[in-house]
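Thanks for coming. I will go through one structure this morning, starting with the sheet and ending with the cysteines.

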Amino acid sequence: MTPASPCPCGRDATYGDCCGACHTGRAAAPTPERLMRSRYSAFAVGDAGYLLRTWHPRTRPAGLECDADQRWTGLEILGTTGGSAFHDEGTVEFRAHYTLHGRADSQYENSRFVREDGRWLYVDALPPA
């Protein structure tokens, strides 16, 4: 992945101008959806440090290792709630597609985010409805 590559998150932007700017600290995700996209891209490029930095300390694991055999192939945002400049909480419902050992699969989640000290952080997955 180079800064000029298409961003894995699916937005019509280069990695360097989109999620790469978040990964390097040049920009902060302004909404939970953008944080979700940047976290998806972090999985795609193997940036475990970014994933841990954007995970709420209350629920963050001690460590995280990205699976080099897993290839993230697409992100669908299915819905969002909250997350505007007037909110301190938000959710992002998504499906992340990947292949692992040549087998295509996907992960569905409705993620919860909170804003603390002006930064959006991933908290956890909401239980299925």
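Which residue in E2 does glycine 82 stand opposite? The one facing glycine 82 is glycine 90. Before I go on, please keep in mind that this is a predicted model.

Those two glycines belong to a pair of antiparallel strands, E1 at residues 70-82 and E2 at residues 89-100, joined by 11 bridges. The hairpin they make has 6 residues between the strands, and within that hairpin glycine 83 has a positive phi near 85 degrees.

On the other side of the hairpin pair, E2 also pairs with E3, residues 103-116, again antiparallel, over 12 bridges. One example of the register there: valine 92 has serine 111 in E3 as its bridge partner.

Taken as a whole, the sheet is open and has 4 strands, ordered E1-E2-E3-E4, with antiparallel pairing. E1 and E4, the latter covering 119-125, have a single partner strand each, so they stand at the edges and one side of each lacks a neighbour in the sheet. From one strand to the next, the twist averages 30 degrees.

Now the helix on that sheet. H2, residues 32-45, packs on the sheet and touches E1, E2, E3 and E4, and its direction makes about 170 degrees with that of E1. The helix has 14 residues, and its first and last C-alpha are 20 Å apart, close to the 20 Å expected at 1.5 Å a residue. Just past the end of H2, glycine 46 has a positive phi of about 80 degrees.

Which residues of H2 are buried? They are Pro32, Leu35, Met36, Arg37, Ser38, Arg39, Tyr40, Ser41 and Ala42. Besides packing against E1, E2, E3 and E4, these buried residues pack against two helices, H1 at 19-23 and H3 at 48-53.

Several of those names come back in the largest nonpolar core. That core has 18 residues, and the members touching the most other members are Leu35, Met36, Tyr40, Ala96 and Phe113. At least two residues of this core come from each of H2, H3, E1, E2 and E4. Alanine 96, setting aside neighbours within four places in sequence, contacts Tyr40, Trp72, Gly74, Leu75, Asp105, Ser106 and Gln107.

One loop residue deserves a mention. Where is histidine 56? It sits in the loop between H3 and E1. Histidine 56 is buried, because its relative accessible area is 7% and the cut-off for buried is under 20%. Beyond four places in sequence, histidine 56 touches Val114, Glu116, Leu121, Tyr122 and Val123.

Last, the cysteines. There is a second, separate core of 5 residues, and its members include Cys7, Cys9, Cys18 and Cys19. How many disulfides does the structure hold? The count is 0. For cysteine 18, the closest cysteine sulfur is that of cysteine 7, at 3.8 Å, which is too far for a bond, because a disulfide needs the two sulfur atoms within 2.5 Å. For cysteine 22, the closest cysteine sulfur belongs to cysteine 19, and at 6.0 Å that is also too far for a bond.

Are these two cysteines buried or exposed? Cysteine 18 counts as buried at 2% relative accessibility, and cysteine 22 is buried as well, with a relative accessible area of 9%.

That is the end of my part.

Technical notes
Residues numbered from 1 in each chain as written. Predicted model: local features only at pLDDT ≥ 70, side-chain atom pairs only at ≥ 80, totals over all residues. Heavy atoms only, no water. Pairing = 2+ DSSP bridges. Axes fitted to C-alpha atoms, helices over the stretch in contact; angles between N-to-C directions. Contact = heavy atoms within 4.5 Å. Expected span 1.5 Å × (residues − 1). Buried < 20%, exposed > 50% of the residue type's maximum accessible area, 1.4 Å probe, protein only. Core = buried A, V, L, I, M, F, W, Y, C linked by side-chain atoms within 4.5 Å.
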